[in-house]
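Hello,

Here is the structure I promised to pass on to you. Please have a look at it, and then read my notes below.

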Amino acid sequence: MQLTGATALLTGATGGLGRAIAVALANRGASVVLSGRSGEALEQLAAELPGSGHVTVPADLAEAGAATKLVADAGQVDVLVANAGLPGSGLLTDFSEEEVGRLLRVNLESPIMMARELVPPMSERRSGHMVFVASLAGKAASPRGSLYNASKFGLRGFALGLRHDLAPQGIGVSVVAPGFVREAGMFAESSAKPPPGLGTTTPERVGEAVVRAIEKNKMEIAVAPIQQRIAAHLALASPGFSARVQSGGMAKRTAEDLAAGQTDKR
């Protein structure tokens with residue numbers, strides 16, 4: 001699908017990854033419908049983007065019904081980039097019932113509901129594309145990450161299954177799965193350090209991957225150094241082996257640092 005002249009709805013637009021994705025879409029000629037919780041931040045981002053036709057639609061996807069309303073408010077959408085997400089680091093018992101509900105609504109339920117609303121008009125036009133920004137945590141379970149893993153495993157499975165269903169209707173579906181990202185995301189927000197030896201990627205590469213997924217109709221793109229991609233594939237094929245590798249003190253300390261630094265974002 002060509003992005004020039006297309007309208008792309010982007011959630012989580014004002015986060016570090018969201019900004020990079022917005023710039024990448026705008027650079028390819030798309031008009032971007034920017035969504036996030038802060039109207040002021042969205043307006044500032046819209047003014048900074050190259051091109052024209054960018055609009056803002058503030059929404060808090062943790063609220064019931066917000067995803068459906070967002071799609072209605074966005075108007076005709078050719079591309080969905082479901083990027084919004086909440087961190088889920090910590091033990092299950094560290095989360096309140098309300099926090100569990102918020103995480104699952106933002107990370108999993110909202111992308112599903114937005115897709116549900118967009119399928120009929122895209123099917124009628126026999127064109128469109130949906131990108132679901134997941135994570136390598138959707139392949140590899142990690143300590144102190146059961147809720148986040150659940151949301152990303154679920155999002156990945158939903159997207160891959162939906163791709164099969166929508167292909168005959170001319171609608172593309174892709175998964176973009178970042179690994180450890182520097183300058184944005186969970187490590188930047190929590191001040192925790194990524195595990196040594198596995199490398200990191202950048203928000204700009206995530207934005208480039210989103211564009212490539214749309215224009216080339218890619219099923220799945222992992223945005224991470226080769227060692228992370230190999231580790232994630234091994235974890236998916238052999239979770240027992242992965243659990244033994246991650247049972248050391250360093251992995252647990254990293255997980256604890258992430259959880260401590262993200263508590264206020266639940």
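**Notes on the model**

Just after helix 1, Gly29 has a positive phi of about 95°. Helices (H or I, at least four residues) and strands (E, at least two) are DSSP runs, numbered from the N terminus. This is a predicted model, so local features need pLDDT of at least 70 and side-chain atom pairs count only at pLDDT 80 or more, while totals for chains, interfaces and linings use all residues. Residues are numbered from 1 along each chain as its sequence is written, and side-chain values use heavy atoms, with hydrogens and water left out.

Helix 1 itself covers residues 16-27. Its 12 residues should span 16 Å at 1.5 Å a residue (1.5 Å times one less than the number of residues), and the end C-alpha atoms are 17 Å apart, which agrees. Buried residues in this helix include Leu17, Ile21 and Leu25; buried means under 20% relative accessible area, exposed over 50%, and partly exposed in between (1.4 Å probe, protein chains only).

Two other residues have a positive phi although neither is a glycine: Arg126, at about 55°, and Asn217, at about 50°. Most residues other than glycine have a negative phi. Arg126 sits in the loop between helix 4 and strand 5 and is exposed, with a relative accessible area of 52%. Asn217 is in the loop between helix 7 (203-216) and strand 7, and at 35% it is partly exposed.

Next, the sheet. It is open, with seven strands in the order 3-2-1-4-5-6-7 and parallel pairing; two strands pair if DSSP finds at least two bridges between them. At the edges are strand 3 (55-56) and strand 7 (220-223), each pairing on one side only. Strand 4 (residues 79-82) and strand 5 (residues 129-133) are joined by four bridges, and Val79 has His129 as its bridge partner in strand 5.

Is Ser110, in helix 4 (residues 97-125), buried or exposed? Ser110 counts as buried, at 2% relative accessibility. Beyond its neighbours within four places in sequence, Ser110 is in contact (heavy atoms within 4.5 Å) with Leu61, Ala67 and Arg105.

Finally, Ile226 is found in helix 8 and is partly exposed, at 48% relative accessibility. Helix 8 (226-237) and helix 9 (239-245) each supply at least two residues of a nonpolar patch, with three residues, the largest share, coming from helix 8.

Best wishes
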